[in-house]
Amino acid sequence: VDATLLAVAGLKRLNKTEAAAGIIEPGDQLPAVGQGAIGIMCRSGDHRMRDYLGALNDAETAACVRAERAMLAVLDGSCRTPIGGLATVAGDTLSLRGLIAKPDGSALIQARDSGPADDPETIGRRVGDKLLADAGPDFLAGLG
C-alpha cells in the first residue's frame, strides 16, 4: 500500500511511534463524532453494576460526547454522512467544533461554539443548527 492510517495510541502501545510519517491533528481534519470514547452498557435495573461502572466514567469525556452527539442528532447524520466534530473542555467551558462536507469535497461548512461544560447538549444543538443554517436546506440531501 502507499499509505496506511493508524491510531497513534496503537503505535505507542507497540513502541513504534517512530514509524509514523506524520500525525493528523484535529486542526487538520476533525474526527468523526465520539471517536476515542469508550462506551459500556449494562442493564438499567442493575444498580450494583452501574455503581461499579460509575467509577470508570470520565465526566469530561462524557460531556464532550454528549455535545458531539447532540450536534449529530440535529444534522440527522449517518455513517455515510461526512460529519466531523470535536468537543474539548477547558476549566468550566466546553468548546465544540463541527463540520459537514460534500462527499466529493466540493463544499465544506464549519461552525464552533462554546459555553458552560455542564450544558453540553445545548452547545451541540447550537453548532448543529448553525451548520444547517450556513449549509442551506439541500446540502445534506441524499447523503443519509
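A salt bridge is taken here as a side-chain nitrogen of Lys or Arg lying within 4 Å of a carboxyl oxygen of Asp or Glu. In the predicted model, the side chains of E121 and R66 satisfy this criterion, with an N to O distance of 2.7 Å. Because E121 belongs to helix α4 and R66 to helix α3, the pair ties together parts of the chain that are 55 residues apart in sequence. Of the two partners, E121 is partly exposed, with a relative accessible area of 24%, and R66 is likewise partly exposed, with a relative accessible area of 40%.

By the same rule, the count of salt bridges comes to four. One of these joins the side chains of D113 and R126, for which the N to O distance is 2.5 Å. Here the acidic partner, D113, lies in strand β3, whereas R126 lies in helix α4, so that this pair ties together parts 13 residues apart in sequence. The relative accessibility of D113 is 25%, which places the residue in the partly exposed class, and R126 is also partly exposed, at a relative accessible area of 36%. A further salt bridge is formed between D134 and K130, whose closest N and O atoms are 3.0 Å apart. In this case both residues lie in helix α4, four residues apart, and they are therefore separated by about one helical turn. D134 is partly exposed, with a relative accessible area of 41%, and K130 is partly exposed as well, with a value of 39%. In general, side chains of opposite charge can pair when their charged atoms come close.

Attention turns next to the nonpolar residues. The largest nonpolar core comprises 21 residues, among which M71, L75, L94, L96, I100 and L131 touch the most other members. At least two residues of this core are supplied by each of α3 (59–75), β1 (83–90), β2 (93–101), β3 (108–116) and α4 (120–135), and the largest share, five residues, comes from α3. In soluble globular proteins, nonpolar side chains tend to be buried together.

The surroundings of M71 can be described in further detail. When residues up to four places away in sequence are not counted, M71 touches V33, I83, G84, G85, L96, G98, G124, R125, V127, G128 and L131. Among these contacts, L96 and L131 are also listed, together with M71, as core residues that touch the most other members.

Notes
Residues are numbered from 1 along each chain as its sequence is written. This is a predicted model: local features need pLDDT of at least 70, side-chain atom pairs count only at pLDDT 80 or more; totals for chains, interfaces and linings use all residues. Side-chain values use heavy atoms; hydrogens and water are left out. A nonpolar core is a set of buried Ala, Val, Leu, Ile, Met, Phe, Trp, Tyr and Cys residues joined through side-chain atoms within 4.5 Å. Buried means under 20% relative accessible area, exposed over 50%, partly exposed in between (1.4 Å probe, protein chains only). Contact means heavy atoms within 4.5 Å.
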